[in-house]
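Open your viewer, keep the selection box handy, and follow along stop by stop. We will go chain by chain and finish where the two meet.

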Amino acid sequence: MSACLDIANLSAVLANGQRVLRSVSLTVQPGEVHALVGESGAGKTMIGKAVLGVLPSSVRIVEGDMRLEGEDLGKLPPKARRTLIGARTALIPQDPLTALNPSRRIGPQMTDRLVRILGWSGDKADKRVRQLLDEVQIRDPDRVLKSYPHELSGGMRQRVLIAAAFAAEPRLIVADEPTTALDVTVQKQILRLIAALQREHGTAILFVTHDLGVVAKISQKVSVLYAGKVVEEAETADLFAAPRHPYTRSLMAATPRYTAPFASLKPVDETVLAGLAAEIAAADQAWRRPHG
Amino acid sequence: MDEARIIRRRLSPRLWLAGGWLLLALLAAIFAPLVAPQDPLAQDLMLERLPPFWLDGAEPGYWLGTDSLGRDLLSRLIFGGRIAFIVAFAAAIAACVVGSTLGLIAGYFGGWADRIISRIVDIWMAFPPVLFAILLVAVLGTGLSSVILAIAIIDWTRFCRVIRAEAMGQSRMDYVENARIAGYGRIGIMLREVLPNVVPSIVALLSLEMGIAVIVEAILSFVNLSISTDDPTWGGIIAEGRLSIHQAWWVLVFPLITLILTVLSFSQFGEALKTRFDPVLR
């Protein structure tokens, strides 16, 4: 059985030639939650966008391939690729404020995709959407479906987006920091919902986050990213028990603890960063030689 | 929510006053032959320069007085409204369709489409609009359709610039990216996701443009370049009034008031409609 998502040796550059993804390889098995963790700017979101085919026009993939359930995305013609991505993947976005169209009601926004892209009947789509709203614990679906996005709270909107992501039964969901824009009390509920729906539906999730606490709660595997490079990939339990890479260790040490919130606040160690910089410079050198 | 309601309440009289005047003027123009008290073209030198009804020497039936040829001013204003409204609607809609379409394409697709359209707009806007209009009508020949065409040719850039900027902002929103991921085509996204969000601006601009078209038509008829028949136009009446300002001020003042009220109403109506069309403010 082929992996749900298989990224091999993926490199991407900006227009000025700067590498933003450095030979990234990672595998997401069916039904598995794979966390991508790293600081801001490490390229976590970029990987998600590359998979979903919505990289900004300034970023160009120069090497490597991505396989979605065995299908090589790079080899498909654009239209077939769009259809495949549309049918098998979905996104839970970071900011629920801008991810819903402000001038359309929630109901049509959710059912439209099922009807127009997947060819479902209106009734079937409506039933499906209501079932999903129930699963994300929205108790008054009639009101929500008739609402405009601005009439709902941030947490409600994120629930709607989670429901929408699962509605079409995708095989892979990219969750791009789905709790970052929410306040702390809502974050927990949303995280629990995503975990529950993931178990229920058996959907694989590529979970992008900067929060190691979230990683520990939700994922089975982790890739730690630094400057567009995977520095460590491991089972979540193994990673927390025995992190191999000094950067991972340093990142864990930098996570504040409830027992001593201030004493534990420390930045990533300088020598570790210097080591990383050397590692990346060497990798770039090796990469440039055959690529001009 | 509460704030939106307050805005709506404050805007309401604006909507009703502006809409009321426009409706009144429009109905008068449509039913001109029924409501005009006199024949707008009938000259009677015995009745020249009659003052409006509240001044000494006024004749009943000539409410706003007569001009130097003895033609009834009110009737001429009512009939002049026909041309003003035809030009306002036709020219504004033509400019809107062309400008909004190009603006939407430039803003949503970006890249080459945007570069080409934006350069054309830049060049277009370098022409002084009124001179451009006079030049166009001189080339196209006078007549109603030339006037409409000239205004549309000049003013599509207003729509294009604003709608481009709005569409560009909307295109960067996550919901557009989400629609891409879901597998919608580019044109489908432009029409279904982006267009509804720029409609409030289009409505406001459309109404504003109608007011501008009324002014441009008045300017063109003021310099005698609008329609060539004898039909009265507001600009034409103003031009005639200018010549007899010392003997009969009303021939200049009443068409000016009519013009100002109409243009103001169009712009206010547009603003008020915009908030009505915007689900966030509604």
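Before the first selection, a definition: two strands count as paired if DSSP finds at least two bridges between them. Keep in mind too that this is a predicted model.

**Stop 1: a pair of strands**

Select strand 9 (residues 221-226) and strand 10 (229-235) of chain A; six bridges join them, and they run antiparallel. Which residue of strand 10 of chain A stands opposite A:Val224? Colour A:Glu232 and you have the partner.

Now widen the selection to the whole sheet. Six strands of chain A make up this open sheet, in the order 6-7-8-3-9-10, with mixed pairing. Strand 6 and strand 10 of chain A each have a single partner strand and stand at the edges, so one side of each has no neighbour in the sheet. From one strand to the next, the twist averages 15°.

**Stop 2: the other edge**

Move to strand 6 (residues 89-92) of chain A. Show its side chains: A:Thr89 and A:Leu91 point one way, A:Ala90 and A:Ile92 point the other way, and all are buried. As a rule, side chains in a regular strand alternate between the two faces of the sheet.

Add strand 7 (residues 172-176) of chain A, which runs parallel to strand 6 of chain A and is joined to it by four bridges. Opposite A:Ala90, in strand 7 of chain A, stands A:Ile173.

**Stop 3: helices on the sheet**

Show helix 6 (residues 154-167) of chain A, which packs on the sheet and touches strand 6 and strand 7 of chain A. The direction of helix 6 makes about 175° with that of strand 6 of chain A.

Next, show helix 10 (residues 246-253) of chain A. Helix 10 lies across strand 9 and strand 10 of chain A, at about 95° to strand 9 of chain A.

Within helix 10 of chain A, pick A:Leu251. Is A:Leu251 buried or exposed? The cut-off for buried is 20 or more other C-beta atoms within 10 Å; A:Leu251 has 23, so it counts as buried. Leaving aside residues up to four places away in sequence, A:Leu251 touches A:Leu212, A:Val224 and A:Val268. A:Val224 is the residue from the opening stop: the C-alpha atoms of A:Leu251 and A:Val224 are 9.6 Å apart, with their positions 27 residues apart in sequence.

**Stop 4: the four-stranded sheet**

Hide the first sheet and select strands 2, 1, 4 and 5 of chain A. In that order they form an open sheet with antiparallel pairing. Strand 2 (19-28) and strand 5 (71-72) of chain A are at the edges, each with a single partner strand, so each has one side left without a neighbour in the sheet.

Zoom in on strand 4 (residues 59-68) and strand 5 of chain A, where two bridges join the antiparallel pair. A:Leu68 has A:Glu71, in strand 5 of chain A, as its bridge partner.

**Stop 5: step back to chain A**

Show all of chain A, with its 11 helices and 10 strands. Chain A has a radius of gyration of 20 Å, close to the 19 Å that the globule rule gives for 292 residues, so it is as compact as a globular protein of that length. The C-alpha trace spans about 60 × 55 × 35 Å along its principal axes, and 40% of the residues of chain A count as buried.

**Stop 6: chain B**

Switch to chain B, which has 10 helices and zero strands. Its C-alpha atoms fill a box of roughly 80 × 50 × 30 Å along the principal axes. Of the 282 residues in chain B, 47% are buried.

**Stop 7: the core and the contact**

Which residues touch the most other members of the largest nonpolar core? Select A:Leu206, B:Ile151 and B:Ala213; the core has 152 residues. Helix 3 (residues 73-109) of chain B supplies the largest share of this core, with 19 residues. Beyond four places in sequence, the residues that A:Leu206 touches include A:Leu5, A:Val28 and A:Leu172.

Finally, display the contact between the chains: 21 residues come from chain A and 14 from chain B. On the side of chain B that touches chain A, helix 7 (174-182) and helix 8 (186-222) of chain B each supply at least two residues. Helix 7 of chain B gives the most, with seven. By type, this side of chain B divides into seven nonpolar, three polar and four charged residues.

Key: Residues numbered from 1 in each chain as written. Chains lettered and ligands numbered in written order. Predicted model: local features only at pLDDT ≥ 70, side-chain atom pairs only at ≥ 80, totals over all residues. Contact = placed C-beta atoms within 7 Å. Nonpolar A, V, L, I, M, F, W, Y, C, P; charged D, E, K, R; others polar. Core = buried A, V, L, I, M, F, W, Y, C linked by C-beta atoms within 7 Å. Buried ≥ 20, exposed ≤ 12 C-beta atoms within 10 Å, placed from the backbone. Axes fitted to C-alpha atoms, helices over the stretch in contact; angles between N-to-C directions. Rg over C-alpha atoms; globule rule 2.2 N^0.38 Å.
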